[in-house]
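Here's a short tour of a protein and DNA model, written for someone just starting out. Have a look at the picture, then read on.

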There are 2 protein chains.
Amino acid sequence: MSKNLTQQLTHKLGEAIVKGDYPIGTRMPSEAVLCEQFSVSRSATREAVKMLSAKGLISSRPKQGITVNPESNWNLYDSEVLEWILKSKPSLQLLKEFTQVRFAIEPMAAKLAAENATPKQLSQIEEALYRIAEAQEGLDDQLDAHINFLNMILLASGNRFFIQLTQFVDAALRVSIRYTNQVKGISNTDVTFHVKVYNAIKDGDGASAQTLIYEVLSDAVALIESRL
Amino acid sequence: MSKNLTQQLTHKLGEAIVKGDYPIGTRMPSEAVLCEQFSVSRSATREAVKMLSAKGLISSRPKQGITVNPESNWNLYDSEVLEWILKSKPSLQLLKEFTQVRFAIEPMAAKLAAENATPKQLSQIEEALYRIAEAQEGLDDQLDAHINFLNMILLASGNRFFIQLTQFVDAALRVSIRYTNQVKGISNTDVTFHVKVYNAIKDGDGASAQTLIYEVLSDAVALIESRL
DNA sequence: ATATACCATTTATCATATAATTGCCCAGTC
DNA sequence: GACTGGGCAATTATATGATAAATGGTATAT
(Lines give C-alpha, C1' and ligand atoms only; values in the text may rest on other atoms or scores of the structure.)
Protein backbone atom coordinates (compact mmCIF):
# COMPACT_ATOMS: atom_id res chain seq x y z
CA MET A 1 0.00 0.00 0.00
CA SER A 2 1.03 3.55 -0.57
CA LYS A 3 2.59 5.02 2.47
CA ASN A 4 1.20 8.44 2.85
CA LEU A 5 -2.19 10.04 2.42
CA THR A 6 -1.25 12.13 -0.58
CA GLN A 7 -0.04 9.10 -2.51
CA GLN A 8 -3.07 7.09 -1.54
CA LEU A 9 -5.35 9.83 -2.76
CA THR A 10 -3.30 10.25 -5.91
CA HIS A 11 -3.76 6.57 -6.68
CA LYS A 12 -7.46 6.58 -5.92
CA LEU A 13 -8.13 9.61 -8.06
CA GLY A 14 -5.75 8.48 -10.79
CA GLU A 15 -7.46 5.13 -11.05
CA ALA A 16 -10.89 6.74 -11.00
CA ILE A 17 -9.96 9.14 -13.79
CA VAL A 18 -8.45 6.43 -15.97
CA LYS A 19 -11.45 4.24 -15.29
CA GLY A 20 -13.69 6.99 -16.57
CA ASP A 21 -15.46 7.89 -13.35
CA TYR A 22 -14.67 11.50 -14.11
CA PRO A 23 -15.29 11.84 -17.85
CA ILE A 24 -12.77 13.68 -19.97
CA GLY A 25 -13.42 17.37 -20.27
CA THR A 26 -15.69 17.50 -17.27
CA ARG A 27 -14.98 19.21 -14.00
CA MET A 28 -14.02 17.13 -11.04
CA PRO A 29 -15.36 17.98 -7.60
CA SER A 30 -13.80 21.09 -6.15
CA GLU A 31 -10.95 20.96 -3.68
CA ALA A 32 -13.30 21.41 -0.78
CA VAL A 33 -15.57 18.58 -1.89
CA LEU A 34 -12.68 16.20 -2.46
CA CYS A 35 -11.43 16.96 1.03
CA GLU A 36 -14.76 16.00 2.48
CA GLN A 37 -15.29 12.95 0.28
CA PHE A 38 -11.96 11.43 1.20
CA SER A 39 -11.72 12.89 4.68
CA VAL A 40 -8.34 14.50 4.18
CA SER A 41 -6.99 17.97 4.60
CA ARG A 42 -6.62 20.50 1.86
CA SER A 43 -2.85 20.07 1.90
CA ALA A 44 -3.08 16.40 1.04
CA THR A 45 -5.74 17.02 -1.58
CA ARG A 46 -3.85 19.80 -3.25
CA GLU A 47 -0.66 17.76 -3.33
CA ALA A 48 -2.47 14.84 -4.92
CA VAL A 49 -3.97 17.17 -7.49
CA LYS A 50 -0.52 18.53 -8.26
CA MET A 51 0.88 15.05 -8.74
CA LEU A 52 -1.91 14.18 -11.14
CA SER A 53 -1.37 17.43 -13.03
CA ALA A 54 2.31 16.56 -13.27
CA LYS A 55 1.28 13.32 -14.96
CA GLY A 56 -0.96 15.21 -17.35
CA LEU A 57 -4.25 13.72 -16.16
CA ILE A 58 -5.83 16.90 -14.92
CA SER A 59 -5.33 20.62 -14.77
CA SER A 60 -6.68 23.05 -12.26
CA ARG A 61 -7.32 26.74 -12.55
CA PRO A 62 -9.03 29.26 -10.32
CA LYS A 63 -12.73 29.61 -10.83
CA GLN A 64 -12.77 26.88 -13.47
CA GLY A 65 -11.88 24.13 -11.06
CA ILE A 66 -10.20 20.82 -11.73
CA THR A 67 -10.77 19.43 -15.20
CA VAL A 68 -9.87 16.07 -16.67
CA ASN A 69 -7.46 16.44 -19.58
CA PRO A 70 -7.93 14.63 -22.89
CA GLU A 71 -6.10 11.34 -23.04
CA SER A 72 -3.56 12.80 -25.43
CA ASN A 73 -2.16 14.80 -22.52
CA TRP A 74 -1.70 11.83 -20.21
CA ASN A 75 1.83 10.59 -19.67
CA LEU A 76 1.15 7.06 -20.81
CA TYR A 77 4.76 6.05 -20.33
CA ASP A 78 4.56 6.92 -16.64
CA SER A 79 4.58 3.60 -14.85
CA GLU A 80 1.90 4.66 -12.38
CA VAL A 81 -0.44 5.82 -15.13
CA LEU A 82 0.28 2.57 -16.93
CA GLU A 83 -0.57 0.65 -13.80
CA TRP A 84 -3.89 2.45 -13.44
CA ILE A 85 -4.76 1.81 -17.05
CA LEU A 86 -3.98 -1.88 -16.73
CA LYS A 87 -5.93 -2.14 -13.54
CA SER A 88 -9.07 -0.49 -14.79
CA LYS A 89 -9.50 -1.26 -18.44
CA PRO A 90 -7.49 -4.19 -19.67
CA SER A 91 -8.54 -5.25 -23.11
CA LEU A 92 -7.32 -7.09 -26.13
CA GLN A 93 -7.19 -3.76 -27.92
CA LEU A 94 -4.82 -2.44 -25.26
CA LEU A 95 -2.69 -5.56 -25.53
CA LYS A 96 -2.49 -4.98 -29.27
CA GLU A 97 -1.28 -1.43 -28.77
CA PHE A 98 1.26 -2.57 -26.20
CA THR A 99 2.57 -5.22 -28.53
CA GLN A 100 2.81 -2.75 -31.41
CA VAL A 101 5.08 -0.60 -29.29
CA ARG A 102 7.19 -3.62 -28.41
CA PHE A 103 7.22 -4.40 -32.11
CA ALA A 104 8.73 -1.01 -32.77
CA ILE A 105 11.12 -0.87 -29.83
CA GLU A 106 12.56 -4.29 -29.18
CA PRO A 107 14.08 -5.10 -32.57
CA MET A 108 15.86 -1.74 -32.56
CA ALA A 109 16.97 -2.27 -28.97
CA ALA A 110 18.45 -5.62 -29.94
CA LYS A 111 20.23 -4.01 -32.87
CA LEU A 112 21.70 -1.31 -30.64
CA ALA A 113 22.63 -3.87 -28.02
CA ALA A 114 24.57 -5.80 -30.64
CA GLU A 115 26.41 -2.65 -31.56
CA ASN A 116 27.01 -1.22 -28.11
CA ALA A 117 26.79 -3.85 -25.37
CA THR A 118 29.66 -3.80 -22.90
CA PRO A 119 31.22 -7.12 -21.78
CA LYS A 120 29.41 -6.80 -18.49
CA GLN A 121 26.08 -6.28 -20.20
CA LEU A 122 26.77 -9.23 -22.45
CA SER A 123 27.30 -11.47 -19.48
CA GLN A 124 24.08 -10.17 -17.95
CA ILE A 125 22.22 -11.17 -21.09
CA GLU A 126 23.92 -14.56 -20.91
CA GLU A 127 22.79 -14.96 -17.32
CA ALA A 128 19.26 -14.08 -18.39
CA LEU A 129 19.59 -16.90 -20.88
CA TYR A 130 20.40 -19.34 -18.10
CA ARG A 131 17.34 -18.19 -16.21
CA ILE A 132 15.18 -18.94 -19.21
CA ALA A 133 16.72 -22.36 -19.50
CA GLU A 134 16.09 -23.00 -15.82
CA ALA A 135 12.54 -21.76 -16.21
CA GLN A 136 12.01 -24.41 -18.85
CA GLU A 137 12.80 -26.95 -16.19
CA GLY A 138 10.49 -25.26 -13.74
CA LEU A 139 13.24 -23.81 -11.60
CA ASP A 140 12.29 -20.23 -12.28
CA ASP A 141 9.20 -18.33 -13.38
CA GLN A 142 9.03 -18.34 -17.16
CA LEU A 143 7.45 -14.93 -17.46
CA ASP A 144 9.94 -13.31 -15.10
CA ALA A 145 12.80 -14.94 -16.94
CA HIS A 146 11.61 -13.65 -20.29
CA ILE A 147 11.03 -10.17 -19.00
CA ASN A 148 14.48 -10.20 -17.49
CA PHE A 149 16.00 -11.21 -20.80
CA LEU A 150 14.31 -8.36 -22.64
CA ASN A 151 15.22 -5.88 -19.92
CA MET A 152 18.86 -6.80 -20.20
CA ILE A 153 18.72 -6.15 -23.93
CA LEU A 154 17.10 -2.79 -23.37
CA LEU A 155 19.78 -1.91 -20.84
CA ALA A 156 22.50 -2.96 -23.25
CA SER A 157 21.13 -0.66 -25.93
CA GLY A 158 22.93 2.19 -24.23
CA ASN A 159 20.07 4.53 -25.07
CA ARG A 160 18.40 6.05 -22.04
CA PHE A 161 15.05 6.27 -23.79
CA PHE A 162 15.03 2.57 -24.51
CA ILE A 163 16.26 1.77 -21.04
CA GLN A 164 13.38 3.70 -19.59
CA LEU A 165 10.93 1.41 -21.37
CA THR A 166 11.82 -1.60 -19.24
CA GLN A 167 8.77 -0.96 -17.09
CA PHE A 168 6.65 -0.62 -20.19
CA VAL A 169 7.81 -3.93 -21.62
CA ASP A 170 7.31 -5.51 -18.25
CA ALA A 171 3.72 -4.31 -18.15
CA ALA A 172 3.11 -5.35 -21.73
CA LEU A 173 4.27 -8.89 -21.13
CA ARG A 174 2.28 -9.22 -17.93
CA VAL A 175 -0.85 -8.17 -19.79
CA SER A 176 -0.19 -10.56 -22.62
CA ILE A 177 -0.03 -13.47 -20.24
CA ARG A 178 -3.56 -12.71 -19.10
CA TYR A 179 -4.88 -13.21 -22.58
CA THR A 180 -2.70 -15.92 -23.99
CA ASN A 181 -2.41 -17.86 -20.78
CA GLN A 182 1.02 -18.97 -21.83
CA VAL A 183 4.22 -17.27 -22.75
CA LYS A 184 4.38 -19.20 -25.98
CA GLY A 185 3.45 -17.26 -29.07
CA ILE A 186 4.05 -13.93 -27.39
CA SER A 187 7.61 -14.58 -26.51
CA ASN A 188 8.80 -17.88 -27.87
CA THR A 189 9.53 -20.23 -25.02
CA ASP A 190 11.98 -22.21 -27.05
CA VAL A 191 15.30 -21.34 -25.50
CA THR A 192 17.11 -21.94 -28.77
CA PHE A 193 15.48 -18.79 -30.09
CA HIS A 194 16.92 -16.76 -27.25
CA VAL A 195 20.28 -18.35 -27.76
CA LYS A 196 20.23 -17.18 -31.36
CA VAL A 197 19.42 -13.66 -30.23
CA TYR A 198 22.17 -13.72 -27.67
CA ASN A 199 24.71 -15.00 -30.18
CA ALA A 200 23.78 -12.30 -32.67
CA ILE A 201 24.24 -9.64 -30.02
CA LYS A 202 27.50 -11.16 -28.83
CA ASP A 203 28.80 -11.27 -32.38
CA GLY A 204 27.85 -7.68 -32.96
CA ASP A 205 25.45 -8.75 -35.68
CA GLY A 206 22.82 -6.06 -35.22
CA ALA A 207 20.86 -6.89 -38.33
CA SER A 208 20.33 -10.50 -37.29
CA ALA A 209 19.38 -9.62 -33.74
CA GLN A 210 16.91 -7.08 -35.07
CA THR A 211 15.39 -9.50 -37.54
CA LEU A 212 15.07 -12.31 -35.02
CA ILE A 213 13.11 -10.19 -32.57
CA TYR A 214 11.12 -8.65 -35.36
CA GLU A 215 9.99 -12.00 -36.67
CA VAL A 216 8.86 -13.35 -33.34
CA LEU A 217 6.95 -10.20 -32.52
CA SER A 218 5.44 -10.24 -35.95
CA ASP A 219 3.88 -13.58 -35.05
CA ALA A 220 2.70 -12.22 -31.73
CA VAL A 221 0.94 -9.27 -33.36
CA ALA A 222 -0.66 -11.55 -35.91
CA LEU A 223 -1.91 -13.81 -33.14
CA ILE A 224 -3.50 -10.93 -31.27
CA GLU A 225 -5.08 -9.48 -34.37
CA SER A 226 -6.60 -12.82 -35.21
CA ARG A 227 -8.50 -12.62 -31.95
CA LEU A 228 -9.89 -9.12 -32.37
CA MET B 1 6.26 31.92 -18.44
CA SER B 2 4.65 29.57 -16.02
CA LYS B 3 1.65 31.06 -14.43
CA ASN B 4 1.82 30.19 -10.81
CA LEU B 5 4.52 30.02 -8.20
CA THR B 6 4.40 26.27 -7.79
CA GLN B 7 4.94 25.70 -11.49
CA GLN B 8 7.71 28.27 -11.63
CA LEU B 9 9.48 26.58 -8.77
CA THR B 10 8.91 23.18 -10.33
CA HIS B 11 10.57 24.36 -13.50
CA LYS B 12 13.48 25.99 -11.70
CA LEU B 13 14.18 22.94 -9.59
CA GLY B 14 13.53 20.55 -12.46
CA GLU B 15 16.00 22.33 -14.67
CA ALA B 16 18.54 22.53 -11.88
CA ILE B 17 18.29 18.82 -11.17
CA VAL B 18 18.56 17.83 -14.81
CA LYS B 19 21.47 20.23 -15.21
CA GLY B 20 23.22 18.45 -12.38
CA ASP B 21 23.19 21.24 -9.80
CA TYR B 22 21.89 18.69 -7.34
CA PRO B 23 23.91 15.54 -8.05
CA ILE B 24 22.11 12.24 -8.26
CA GLY B 25 21.83 10.42 -4.98
CA THR B 26 22.54 13.50 -2.91
CA ARG B 27 20.12 15.28 -0.67
CA MET B 28 18.60 18.50 -1.82
CA PRO B 29 18.12 21.36 0.62
CA SER B 30 15.34 20.71 3.08
CA GLU B 31 11.86 22.09 2.61
CA ALA B 32 12.57 24.95 4.96
CA VAL B 33 15.76 25.95 3.15
CA LEU B 34 14.09 25.80 -0.26
CA CYS B 35 11.34 28.06 1.06
CA GLU B 36 13.87 30.62 2.11
CA GLN B 37 16.05 30.33 -0.99
CA PHE B 38 13.15 30.93 -3.32
CA SER B 39 11.10 33.11 -1.00
CA VAL B 40 7.98 31.04 -1.20
CA SER B 41 5.74 29.39 1.35
CA ARG B 42 5.95 25.78 2.36
CA SER B 43 2.74 24.98 0.47
CA ALA B 44 4.22 26.11 -2.82
CA THR B 45 7.49 24.34 -2.13
CA ARG B 46 5.82 21.10 -1.13
CA GLU B 47 3.59 21.16 -4.19
CA ALA B 48 6.59 21.67 -6.44
CA VAL B 49 8.36 18.80 -4.72
CA LYS B 50 5.32 16.62 -5.26
CA MET B 51 5.21 17.46 -8.93
CA LEU B 52 8.86 16.57 -9.34
CA SER B 53 8.33 13.31 -7.46
CA ALA B 54 5.45 12.55 -9.80
CA LYS B 55 7.87 12.90 -12.68
CA GLY B 56 10.33 10.60 -10.94
CA LEU B 57 13.10 13.15 -10.46
CA ILE B 58 13.13 13.14 -6.70
CA SER B 59 11.67 11.41 -3.70
CA SER B 60 11.16 12.77 -0.24
CA ARG B 61 10.86 11.01 3.06
CA PRO B 62 10.77 12.17 6.65
CA LYS B 63 14.12 12.56 8.29
CA GLN B 64 15.96 11.60 5.12
CA GLY B 65 14.87 14.68 3.22
CA ILE B 66 14.58 15.18 -0.50
CA THR B 67 16.91 13.06 -2.61
CA VAL B 68 17.60 13.14 -6.31
CA ASN B 69 16.62 9.88 -7.98
CA PRO B 70 18.88 8.05 -10.44
CA GLU B 71 18.19 8.98 -14.03
CA SER B 72 16.60 5.60 -14.66
CA ASN B 73 13.65 6.76 -12.57
CA TRP B 74 13.05 9.96 -14.48
CA ASN B 75 10.06 10.06 -16.78
CA LEU B 76 12.02 10.93 -19.89
CA TYR B 77 8.92 10.87 -22.06
CA ASP B 78 7.36 13.62 -19.99
CA SER B 79 7.45 16.68 -22.20
CA GLU B 80 8.51 18.97 -19.37
CA VAL B 81 11.38 16.71 -18.36
CA LEU B 82 12.34 16.52 -22.02
CA GLU B 83 12.28 20.29 -22.23
CA TRP B 84 14.56 20.62 -19.21
CA ILE B 85 17.00 18.11 -20.62
CA LEU B 86 17.13 19.89 -23.96
CA LYS B 87 17.58 23.24 -22.29
CA SER B 88 20.40 22.21 -20.03
CA LYS B 89 22.47 19.62 -21.76
CA PRO B 90 21.96 19.41 -25.47
CA SER B 91 24.59 17.26 -27.12
CA LEU B 92 25.23 15.26 -30.22
CA GLN B 93 24.99 12.14 -28.08
CA LEU B 94 21.48 13.15 -27.03
CA LEU B 95 20.54 13.83 -30.62
CA LYS B 96 21.74 10.37 -31.51
CA GLU B 97 19.57 8.80 -28.84
CA PHE B 98 16.59 10.84 -29.95
CA THR B 99 17.07 9.78 -33.52
CA GLN B 100 17.41 6.14 -32.55
CA VAL B 101 14.00 6.32 -30.92
CA ARG B 102 12.57 7.94 -34.02
CA PHE B 103 14.27 5.17 -35.97
CA ALA B 104 12.32 2.63 -33.95
CA ILE B 105 9.00 4.43 -33.82
CA GLU B 106 8.34 6.22 -37.06
CA PRO B 107 8.62 3.34 -39.53
CA MET B 108 6.19 1.32 -37.43
CA ALA B 109 3.88 4.32 -37.10
CA ALA B 110 3.84 4.69 -40.87
CA LYS B 111 3.08 1.00 -41.23
CA LEU B 112 0.20 1.24 -38.80
CA ALA B 113 -1.05 4.42 -40.45
CA ALA B 114 -1.16 2.61 -43.78
CA GLU B 115 -3.21 -0.12 -42.17
CA ASN B 116 -5.52 1.97 -40.04
CA ALA B 117 -5.77 5.57 -41.22
CA THR B 118 -9.30 6.92 -41.50
CA PRO B 119 -10.27 9.00 -44.54
CA LYS B 120 -10.11 12.11 -42.41
CA GLN B 121 -6.64 11.25 -41.19
CA LEU B 122 -5.55 10.57 -44.76
CA SER B 123 -6.67 14.00 -45.83
CA GLN B 124 -4.81 15.50 -42.89
CA ILE B 125 -1.64 13.81 -44.07
CA GLU B 126 -2.33 15.11 -47.54
CA GLU B 127 -2.71 18.62 -46.17
CA ALA B 128 0.58 18.21 -44.36
CA LEU B 129 2.05 17.34 -47.74
CA TYR B 130 0.83 20.64 -49.17
CA ARG B 131 2.42 22.48 -46.27
CA ILE B 132 5.75 20.85 -47.07
CA ALA B 133 5.39 21.83 -50.71
CA GLU B 134 4.60 25.39 -49.71
CA ALA B 135 7.54 25.40 -47.34
CA GLN B 136 9.79 24.55 -50.26
CA GLU B 137 8.64 27.78 -51.83
CA GLY B 138 9.22 29.67 -48.61
CA LEU B 139 5.55 30.06 -47.80
CA ASP B 140 5.75 28.03 -44.61
CA ASP B 141 8.42 27.03 -42.14
CA GLN B 142 10.14 23.88 -43.36
CA LEU B 143 10.75 22.43 -39.93
CA ASP B 144 7.19 23.03 -38.77
CA ALA B 145 5.87 21.51 -41.96
CA HIS B 146 7.97 18.38 -41.53
CA ILE B 147 7.05 17.98 -37.90
CA ASN B 148 3.41 18.38 -38.82
CA PHE B 149 3.69 15.66 -41.44
CA LEU B 150 5.20 13.21 -38.98
CA ASN B 151 2.66 14.11 -36.32
CA MET B 152 -0.18 13.36 -38.68
CA ILE B 153 1.29 9.94 -39.36
CA LEU B 154 1.63 9.25 -35.65
CA LEU B 155 -1.98 10.29 -35.13
CA ALA B 156 -3.11 8.05 -37.97
CA SER B 157 -1.39 5.05 -36.39
CA GLY B 158 -4.41 4.69 -34.12
CA ASN B 159 -2.15 3.63 -31.28
CA ARG B 160 -2.32 5.90 -28.25
CA PHE B 161 1.27 5.18 -27.31
CA PHE B 162 2.53 6.32 -30.67
CA ILE B 163 0.24 9.31 -30.66
CA GLN B 164 1.68 10.38 -27.36
CA LEU B 165 5.13 10.57 -28.90
CA THR B 166 4.26 13.56 -31.06
CA GLN B 167 5.88 15.86 -28.54
CA PHE B 168 8.91 13.62 -28.44
CA VAL B 169 9.33 13.68 -32.20
CA ASP B 170 8.79 17.40 -32.16
CA ALA B 171 11.58 17.84 -29.64
CA ALA B 172 13.86 15.45 -31.51
CA LEU B 173 13.49 17.35 -34.77
CA ARG B 174 14.03 20.70 -33.14
CA VAL B 175 17.24 19.44 -31.60
CA SER B 176 18.44 18.00 -34.86
CA ILE B 177 18.06 21.35 -36.54
CA ARG B 178 20.49 22.87 -34.07
CA TYR B 179 23.20 20.50 -35.14
CA THR B 180 22.56 20.02 -38.81
CA ASN B 181 21.47 23.57 -39.44
CA GLN B 182 19.21 22.32 -42.18
CA VAL B 183 16.32 19.93 -42.38
CA LYS B 184 17.99 18.05 -45.17
CA GLY B 185 19.58 14.75 -44.23
CA ILE B 186 17.50 14.49 -41.10
CA SER B 187 14.19 14.60 -42.83
CA ASN B 188 14.57 14.67 -46.56
CA THR B 189 13.40 18.00 -47.85
CA ASP B 190 12.58 16.58 -51.21
CA VAL B 191 8.83 16.64 -51.32
CA THR B 192 8.74 13.69 -53.70
CA PHE B 193 9.88 11.50 -50.83
CA HIS B 194 6.96 12.59 -48.73
CA VAL B 195 4.62 12.05 -51.63
CA LYS B 196 5.84 8.46 -51.84
CA VAL B 197 5.18 7.97 -48.15
CA TYR B 198 1.73 9.45 -48.47
CA ASN B 199 0.87 7.28 -51.43
CA ALA B 200 2.02 4.16 -49.64
CA ILE B 201 -0.15 5.02 -46.67
CA LYS B 202 -3.11 5.90 -48.86
CA ASP B 203 -2.77 2.61 -50.75
CA GLY B 204 -2.61 0.68 -47.50
CA ASP B 205 0.88 -0.48 -48.37
CA GLY B 206 2.29 -0.68 -44.85
CA ALA B 207 5.50 -2.42 -45.83
CA SER B 208 6.45 0.30 -48.30
CA ALA B 209 5.62 3.12 -45.94
CA GLN B 210 7.66 1.43 -43.26
CA THR B 211 10.64 0.88 -45.52
CA LEU B 212 10.62 4.41 -46.88
CA ILE B 213 10.77 5.99 -43.45
CA TYR B 214 13.26 3.41 -42.29
CA GLU B 215 15.64 4.19 -45.13
CA VAL B 216 15.61 7.93 -44.64
CA LEU B 217 16.15 7.64 -40.90
CA SER B 218 18.90 5.15 -41.52
CA ASP B 219 20.74 7.89 -43.38
CA ALA B 220 20.05 10.35 -40.59
CA VAL B 221 21.49 8.05 -37.95
CA ALA B 222 24.56 7.39 -40.09
CA LEU B 223 25.08 11.11 -40.54
CA ILE B 224 24.96 11.74 -36.82
CA GLU B 225 27.24 8.84 -36.01
CA SER B 226 29.78 10.11 -38.48
CA ARG B 227 30.05 13.25 -36.40
CA LEU B 228 30.53 11.62 -33.04
C1' DA C 1 -24.49 46.31 -29.05
C1' DT C 2 -20.22 46.87 -27.03
C1' DA C 3 -17.09 47.76 -23.66
C1' DT C 4 -16.16 48.44 -18.88
C1' DA C 5 -16.53 47.79 -14.06
C1' DC C 6 -17.87 44.93 -10.53
C1' DC C 7 -18.94 40.55 -8.17
C1' DA C 8 -18.74 35.86 -6.81
C1' DT C 9 -16.40 31.51 -6.94
C1' DT C 10 -12.53 28.76 -6.92
C1' DT C 11 -7.88 27.86 -6.71
C1' DA C 12 -3.31 29.85 -5.08
C1' DT C 13 -0.47 31.30 -1.46
C1' DC C 14 0.95 32.10 3.13
C1' DA C 15 1.36 31.06 8.00
C1' DT C 16 1.24 28.21 12.01
C1' DA C 17 0.44 24.23 14.74
C1' DT C 18 0.61 19.34 15.40
C1' DA C 19 1.39 14.49 13.94
C1' DA C 20 3.97 10.80 11.93
C1' DT C 21 8.14 8.79 10.25
C1' DT C 22 12.65 7.35 10.68
C1' DG C 23 17.70 7.62 11.13
C1' DC C 24 20.66 7.67 14.99
C1' DC C 25 22.53 7.17 19.51
C1' DC C 26 22.69 5.07 23.78
C1' DA C 27 21.76 2.11 27.36
C1' DG C 28 20.76 -2.42 28.71
C1' DT C 29 21.16 -7.30 28.24
C1' DC C 30 22.80 -11.73 27.00
C1' DG D 1 31.41 -7.76 22.25
C1' DA D 2 27.36 -7.94 19.67
C1' DC D 3 22.67 -7.46 19.58
C1' DT D 4 18.18 -5.39 21.00
C1' DG D 5 15.14 -2.03 22.39
C1' DG D 6 13.87 2.68 23.88
C1' DG D 7 14.06 7.24 23.29
C1' DC D 8 15.72 11.55 21.00
C1' DA D 9 15.96 14.67 17.17
C1' DA D 10 15.35 16.07 12.52
C1' DT D 11 12.44 16.21 8.72
C1' DT D 12 8.55 15.60 6.15
C1' DA D 13 3.34 14.90 6.48
C1' DT D 14 -1.07 16.62 7.70
C1' DA D 15 -4.43 19.82 9.35
C1' DT D 16 -6.45 24.36 9.59
C1' DG D 17 -7.42 29.16 9.00
C1' DA D 18 -6.66 33.43 6.77
C1' DT D 19 -5.76 36.21 2.74
C1' DA D 20 -4.56 36.90 -2.20
C1' DA D 21 -5.09 36.24 -7.02
C1' DA D 22 -7.36 34.71 -11.09
C1' DT D 23 -11.29 34.35 -13.88
C1' DG D 24 -15.96 33.53 -15.62
C1' DG D 25 -20.08 35.86 -15.54
C1' DT D 26 -23.16 39.76 -14.81
C1' DA D 27 -24.71 44.14 -14.67
C1' DT D 28 -24.20 48.68 -16.05
C1' DA D 29 -23.21 52.63 -18.70
C1' DT D 30 -22.62 54.64 -23.02
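## Touching DNA strand C

Let's start with a close approach: a backbone N or O atom of Leu5(B) sits 2.4 Å from a phosphate oxygen of DNA strand C. The elements giving two or more residues to the surface near this strand are helix 3 (42-54) and strand 1 (58-61) of chain A, along with helix 1 (5-19) and helix 3 of chain B. Helices here (H or I, at least four residues) and strands (E, at least two) are DSSP runs, numbered from the N terminus.

Side chains reach strand C too. A polar side-chain atom of Arg46(A) is 2.8 Å from a phosphate oxygen, and the side chain of Ser60(A) has an N or O atom 3.2 Å from a phosphate oxygen. There are 23 residues around DNA strand C, and Arg46(A), Leu5(B), Thr6(B), Ser41(B) and Arg61(B) come nearest. To count as near, a residue needs a heavy atom within 4 Å of the strand. Of the strand C atoms within 4 Å of the protein, 72% belong to sugar or phosphate, and the rest belong to bases.

What classes of residue make up the surface near DNA strand C? It splits into five nonpolar, eight polar and 10 charged residues. In this scheme Ala, Val, Leu, Ile, Met, Phe, Trp, Tyr, Cys and Pro are nonpolar, Asp, Glu, Lys and Arg are charged, and the others, Gly among them, are polar.

## A word on the model

This is a predicted model, where local features need pLDDT of at least 70 and side-chain atom pairs count only at pLDDT 80 or more, while totals for chains, interfaces and linings use all residues. Residues are numbered from 1 along each chain as its sequence is written, chains are lettered from A and ligands numbered from 1 in the order in which they are written, and side-chain values use heavy atoms, leaving out hydrogens and water.

## Touching DNA strand D

Now for the other strand. Of the 24 residues around DNA strand D, the ones that come nearest are Leu5(A), Thr6(A), Ser41(A), Ser43(A) and Arg46(B). Sugar and phosphate make up 70% of the strand D atoms that come within 4 Å of the protein.

Which part of DNA strand D does a polar side-chain atom of Arg42(A) lie 3.1 Å from? Arg42(A) finds a base nitrogen. Arg46(B) puts a polar side-chain atom 2.7 Å from a phosphate oxygen, and Lys63(B) has a side-chain N or O atom 3.2 Å from a sugar or linking oxygen. By class, the surface near strand D has six nonpolar, eight polar and 10 charged residues.

## Where the two chains meet

The protein chains also touch each other: 40 residues of chain B are in contact (heavy atoms within 4.5 Å) with 39 residues of chain A. Together they bury about 3,800 Å², 56% of it on carbon and sulfur atoms. Buried area is the accessible area (1.4 Å probe) that two parts lose on being put together, summed over both.

Six salt bridges turn up across this interface, each a side-chain nitrogen of Lys or Arg within 4 Å of a carboxyl oxygen of Asp or Glu. Glu47(A) and Arg46(B) meet through their side chains in a salt bridge, at 2.8 Å from N to O. On the side of chain B that touches chain A, the largest share, 12 residues, comes from helix 5 of chain B. That side has 19 nonpolar, 12 polar and nine charged residues.

Technical notes
Polar contact = N/O pair within 3.5 Å; in protein donor to acceptor, adjacent residues only side chain to side chain.
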